[in-house]
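Biologist: I would like to go through this structure with you. I will ask for the reasons behind each label.

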Amino acid sequence: MKLLLSDETQLLYLDGIEGSYIKETDVRVLGYEAGGYILDKSIMHYHGGGQPGDRGKIVSGDISVPIYDVKKHGRKVIHKSLVELDIKDGKLMVEWERRYKIMKMHTLQHAISSVLFDEGFMTVNSEVIPEYGIIETDKTVKYIPARGYRINEANLPLKRYYIKREELDPNLLRRCNLEKLPKSIERVSIVEIDGLDICACAGTHVRNTSEIGKYWLRNFENKVEFGLF
Ligand SMILES: [Zn+2]
């Protein structure tokens, strides 16, 4: 199955959970527009779904082209770079240390949102960067349940699979607003944390919640903040 969310660029990080762990890949450069490179495939996540765009570089021969962000422009995935060169191919490398932190933070967000949902708090928005994450809920979060602090110790494996849009069960994806999914998506990427959460998501995640390591949480008003130690 081709993993496409754009017309041209195959997104390898959407290939199961393991796709999130691909650190480099050979690419063909299809063009430069809107301040960045369009590639035939990518391992870099573009900004969206509460997750920032990745950073990295394209290495072509002796040349190293820095990529400072990845954004979606219409149906095109743009690997943003101020360096415009006429390169045809190269090796795309993601800035792994930063990306791995984002994977931990984003997985933590899934887990916390699910724990909050069980207590009656619906996540209406979320955003993470490597250093900080925030979840906004539909009402004031007066407390965070104890299991919200033990997600890393629970050792819960994750998996990603695809379901045809018309076969989605809204009861299964209870905390996800399926109306937010772009109409163009026919096969929906489902990310499941074993025994805890099932959600439609096109982001990057860790294999097991034990990888998250130590983290902190804080609730105030209708928000929960979190971060890694
Ligand atoms: Zn996700």
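## Labels and the values behind them

Modeller: Ala34 sits in the loop between β2 and β3 (36-39). Keep in mind that this is a predicted model.

Biologist: Why is Ala34 called partly exposed?

Modeller: Its relative accessible area is 39%. Buried means under 20% and exposed means over 50%. Ala34 falls in between, so partly exposed is the label.

Biologist: What makes the backbone of Ala34 worth a remark?

Modeller: Ala34 has a positive phi of about 50 degrees, and it is not a glycine. Most residues other than glycine have a negative phi.

Biologist: Which label does Glu221 get, buried or exposed, and why?

Modeller: Glu221 has a relative accessible area of 53%. The cut-off for exposed is over 50%, so Glu221 counts as exposed. Its place is the loop between β15 and β16 (223-228). Glu221, not a glycine, has a positive phi of about 50 degrees.

Biologist: On to the metal. How do you know which atoms coordinate the zinc ion?

Modeller: A donor must be an N, O or S atom within 2.8 Å of this metal. NE2 of His106, NE2 of His110, SG of Cys201 and NE2 of His205 lie at 2.0 to 2.1 Å. These atoms therefore count as donors.

Biologist: Why is the site of the zinc ion called tetrahedral?

Modeller: The angles among its 4 donor atoms are 103 to 120 degrees. Four donors count as tetrahedral if all angles lie between 85 and 135 degrees. The site meets that test, so the label holds.

Biologist: What spacing do the donors follow along the chain?

Modeller: The pattern is H-x3-H-x90-C-x3-H. His106 lies in helix α1, while His205 is in the loop between β14 and β15 (215-220). The pair is 99 residues apart and links distant parts of the chain.

Biologist: Are His106 and His205 buried or exposed, and why?

Modeller: His106 has a relative accessible area of 1%. For His205 the value is 0%. The limit for buried is under 20%, so both qualify.

Biologist: What lies around His45?

Modeller: His45 is placed in the loop between β4 (41-42) and β5 (56-60). Neighbours within four places in sequence aside, its contacts include Tyr13, Val70, Ala202, Gly203 and Thr204. His45 is buried because its relative accessible area is 3%, against a limit of under 20%.

Biologist: What makes the pair of His45 and Pro52 a polar contact?

Modeller: A polar atom of the His45 side chain lies 3.4 Å from the backbone oxygen of Pro52. The cut-off is 3.5 Å, so the distance fits.

Biologist: Now the strands. How do you know that β2 and β9 pair?

Modeller: Pairing needs at least two bridges. β2 (residues 24-33) and β9 (residues 89-94) are joined by 5, in the antiparallel sense. They therefore count as paired. Thr25 has Leu92 as its bridge partner in β9.

Biologist: What does β5 pair with?

Modeller: β5 and β9 share 4 bridges and are antiparallel. Here Ile58 is opposite Leu92. β5 is also joined by 5 bridges to β6 (residues 63-67), again antiparallel. β5 and β6 form a hairpin with 2 residues between them. Gly61, in that turn, has a positive phi of about 60 degrees.

Biologist: Which strands are the edges of the sheet with the order β12-β13-β14, and why?

Modeller: This open sheet has 3 strands with antiparallel pairing. β12 (158-164) and β14 (197-200) each pair on one side only, and they are the edge strands. The twist averages 25 degrees from one strand to the next. β13 (residues 187-193) is joined to β14 by 4 bridges, and Ile193 stands opposite Asp197. Helix α1 (residues 96-118) lies across β12, β13 and β14, at about 75 degrees to β13.

Biologist: Last, why is Phe121 called buried?

Modeller: Phe121 has 7% relative accessibility, and the limit is under 20%, so buried is right. Phe121 lies in the loop between α1 and β10 (123-129). Its contacts beyond four places in sequence include Ser113, Leu116, Thr137 and Tyr143. The C-alpha atoms of Phe121 and Asn222 are 8.9 Å apart, with their places 101 residues apart along the chain.

Methods: Residues are numbered from 1 along each chain as its sequence is written. This is a predicted model: local features need pLDDT of at least 70, side-chain atom pairs count only at pLDDT 80 or more; totals for chains, interfaces and linings use all residues. Side-chain values use heavy atoms; hydrogens and water are left out. Axes are lines fitted to C-alpha atoms, for helices over the stretch in contact, and angles run from 0 to 180 degrees between N-to-C directions. Contact means heavy atoms within 4.5 Å. Donors are N, O and S atoms within 2.8 Å of the metal (3.2 Å for Na, K and Ca); water is not among the atoms, so sites may look incomplete. Four donors count as tetrahedral if all angles lie between 85 and 135 degrees; four count as square planar and six as octahedral if opposite donors are over 155 degrees apart and all others between 65 and 115; anything else is irregular. Buried means under 20% relative accessible area, exposed over 50%, partly exposed in between (1.4 Å probe, protein chains only). A polar contact is a pair of N or O atoms within 3.5 Å; within protein, one must be able to donate a hydrogen and the other to accept it, and residues adjacent in sequence count only if both atoms are side-chain atoms.
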